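The exercises below work through one pair of helices and some of the residues around them. Please look at the sequence and the structure first, and try each task before reading its solution.

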Amino acid sequence: MNVFRSNAHIYAQVIDDSIGHTLVTASTLEATVRERFEDEHPKTAQAKLVGQVVAERALAAGIKQVVFDRGGFKYHGRVKAVADGARETGLEF
(Lines give C-alpha, C1' and ligand atoms only; values in the text may rest on other atoms or scores of the structure.)
Protein backbone atom coordinates (compact mmCIF):
# COMPACT_ATOMS: atom_id res chain seq x y z
CA MET A 1 0.00 0.00 0.00
CA ASN A 2 1.52 3.26 -1.13
CA VAL A 3 0.60 6.62 0.41
CA PHE A 4 1.12 10.04 -1.14
CA ARG A 5 0.15 13.32 0.47
CA SER A 6 0.06 16.79 -0.95
CA ASN A 7 -0.76 19.97 0.92
CA ALA A 8 -4.46 19.59 0.12
CA HIS A 9 -5.14 15.89 -0.49
CA ILE A 10 -4.06 12.36 0.43
CA TYR A 11 -3.95 9.31 -1.81
CA ALA A 12 -3.59 5.60 -1.00
CA GLN A 13 -3.28 2.73 -3.43
CA VAL A 14 -2.60 -0.97 -3.25
CA ILE A 15 -0.14 -1.99 -5.96
CA ASP A 16 0.93 -5.44 -7.11
CA ASP A 17 4.66 -4.85 -7.58
CA SER A 18 5.23 -8.12 -9.42
CA ILE A 19 3.15 -6.93 -12.39
CA GLY A 20 3.15 -3.19 -11.72
CA HIS A 21 -0.63 -2.77 -11.56
CA THR A 22 -2.72 -0.73 -9.15
CA LEU A 23 -5.36 -3.00 -7.64
CA VAL A 24 -7.38 -0.57 -5.49
CA THR A 25 -7.15 3.13 -4.72
CA ALA A 26 -8.79 5.86 -2.65
CA SER A 27 -8.20 9.58 -2.22
CA THR A 28 -9.81 12.71 -0.85
CA LEU A 29 -10.57 13.76 -4.44
CA GLU A 30 -13.19 11.02 -4.94
CA ALA A 31 -16.83 11.96 -4.61
CA THR A 32 -17.62 8.68 -2.82
CA VAL A 33 -15.03 9.50 -0.17
CA ARG A 34 -15.99 13.16 0.12
CA GLU A 35 -19.64 12.37 0.83
CA ARG A 36 -18.55 10.33 3.88
CA PHE A 37 -17.03 13.37 5.61
CA GLU A 38 -18.10 16.95 6.05
CA ASP A 39 -16.18 19.90 4.65
CA GLU A 40 -14.86 21.02 8.02
CA HIS A 41 -13.22 17.74 9.04
CA PRO A 42 -9.52 18.14 9.76
CA LYS A 43 -7.11 16.61 7.28
CA THR A 44 -6.09 13.83 9.67
CA ALA A 45 -9.71 12.67 9.92
CA GLN A 46 -9.96 12.73 6.13
CA ALA A 47 -6.74 10.69 5.90
CA LYS A 48 -8.08 8.09 8.33
CA LEU A 49 -11.22 7.79 6.21
CA VAL A 50 -9.09 7.28 3.08
CA GLY A 51 -7.30 4.45 4.90
CA GLN A 52 -10.61 2.88 5.83
CA VAL A 53 -11.96 3.14 2.27
CA VAL A 54 -8.84 1.67 0.66
CA ALA A 55 -8.88 -1.18 3.20
CA GLU A 56 -12.57 -1.89 2.49
CA ARG A 57 -11.85 -2.03 -1.23
CA ALA A 58 -8.79 -4.21 -0.74
CA LEU A 59 -10.67 -6.67 1.46
CA ALA A 60 -13.48 -6.80 -1.11
CA ALA A 61 -10.86 -7.63 -3.77
CA GLY A 62 -9.52 -10.47 -1.61
CA ILE A 63 -6.39 -8.65 -0.40
CA LYS A 64 -5.85 -9.11 3.32
CA GLN A 65 -2.17 -8.33 3.80
CA VAL A 66 -0.05 -5.49 2.42
CA VAL A 67 3.32 -3.83 2.90
CA PHE A 68 3.02 -0.17 3.92
CA ASP A 69 5.06 2.22 1.75
CA ARG A 70 5.03 5.73 3.19
CA GLY A 71 6.76 7.12 0.11
CA GLY A 72 9.49 8.93 2.01
CA PHE A 73 7.07 10.83 4.22
CA LYS A 74 7.55 10.71 7.98
CA TYR A 75 5.28 8.24 9.76
CA HIS A 76 3.13 10.70 11.69
CA GLY A 77 0.14 12.93 11.12
CA ARG A 78 -1.84 12.16 8.01
CA VAL A 79 0.36 9.27 6.85
CA LYS A 80 -0.06 7.54 10.22
CA ALA A 81 -3.81 8.25 10.10
CA VAL A 82 -4.09 6.37 6.77
CA ALA A 83 -2.31 3.37 8.30
CA ASP A 84 -4.47 3.50 11.44
CA GLY A 85 -7.68 3.64 9.40
CA ALA A 86 -6.60 0.69 7.24
CA ARG A 87 -5.62 -1.39 10.28
CA GLU A 88 -8.89 -0.66 12.07
CA THR A 89 -10.82 -1.83 9.04
CA GLY A 90 -8.99 -5.17 8.99
CA LEU A 91 -6.03 -4.81 6.63
CA GLU A 92 -2.85 -6.42 7.94
CA PHE A 93 0.58 -4.83 7.51
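**Exercise 1. Describe how helix H2 packs against helix H3**.

Step 1. Helix H2 covers residues 43–60 and helix H3 covers residues 78–89, and the two pack at an angle of about 40° with their axes 7 Å apart. Here axes are lines fitted to C-alpha atoms, for helices over the stretch in contact, and angles run from 0 to 180 degrees between N-to-C directions. Helices (H or I, at least four residues) and strands (E, at least two) are DSSP runs, numbered from the N terminus.

Step 2. That angle makes H2 oblique to H3, given that angles under 35 degrees count as roughly parallel, over 145 as roughly antiparallel, 65 to 115 as roughly perpendicular and the rest as oblique.

Step 3. On the H2 side the contact is made by Lys 43, Thr 44, Ala 47, Lys 48, Gly 51, Gln 52, Ala 55, Glu 56 and Leu 59, and on the H3 side by Arg 78, Ala 81, Val 82, Gly 85, Ala 86, Glu 88 and Thr 89, where contact means heavy atoms within 4.5 Å.

Step 4. These contact residues divide into 6 nonpolar, 5 polar and 5 charged; Ala, Val, Leu, Ile, Met, Phe, Trp, Tyr, Cys and Pro count as nonpolar, Asp, Glu, Lys and Arg as charged, and the others, Gly among them, as polar.

Before going on, two remarks on the source are needed. This is a predicted model, in which local features need pLDDT of at least 70 and side-chain atom pairs count only at pLDDT 80 or more, while totals for chains, interfaces and linings use all residues. Residues are numbered from 1 along each chain as its sequence is written, and side-chain values use heavy atoms, with hydrogens and water left out.

**Exercise 2. Compare the span of H3 with the expected one, and find its buried residues**.

Step 1. The 12 residues of H3 should span 16 Å at 1.5 Å a residue, and its end C-alpha atoms are 17 Å apart, which agrees; the expected span is 1.5 Å times one less than the number of residues.

Step 2. The buried residues of H3 are Arg 78, Val 79, Ala 81, Val 82, Ala 83, Gly 85 and Ala 86, where buried means under 20% relative accessible area, exposed over 50% and partly exposed in between (1.4 Å probe, protein chains only).

Step 3. Their cover includes strand E1 (2–5), strand E2 (10–16) and H2.

Step 4. Just after H3, Gly 90 takes a positive phi of about 125°.

**Exercise 3. Do the same for H2**.

Step 1. H2 has 18 residues and reaches 26 Å from its first C-alpha to its last, close to the 26 Å expected at 1.5 Å a residue.

Step 2. Gln 46, Ala 47, Leu 49, Val 50, Gly 51, Val 53, Val 54, Ala 55 and Ala 58 are buried in H2, and what covers them includes E2, strand E3 (21–27), helix H1 (31–34) and H3.

Step 3. Gly 62, just after H2, has a positive phi of about 90°.

**Exercise 4. Is Val 79 buried or exposed, and what does Val 79 touch?**

Step 1. Val 79 lies in helix H3 and, at 1% relative accessibility, counts as buried.

Step 2. Leaving aside neighbours within four places in sequence, Val 79 is in contact with Val 3, Arg 5, Ile 10, Phe 68, Arg 70, Phe 73 and Lys 74.

Step 3. One of these partners, Phe 68, is placed in the loop between H2 and H3, and, not counting residues up to four places away in sequence, Phe 68 touches Met 1, Val 3, Tyr 75, Val 79, Ala 83 and Phe 93.

**Exercise 5. Place Thr 89 and list what Thr 89 touches**.

Step 1. Thr 89 belongs to helix H3, and at 26% relative accessibility Thr 89 counts as partly exposed.

Step 2. Not counting residues up to four places away in sequence, Thr 89 touches Gln 52, Ala 55, Glu 56 and Leu 59.
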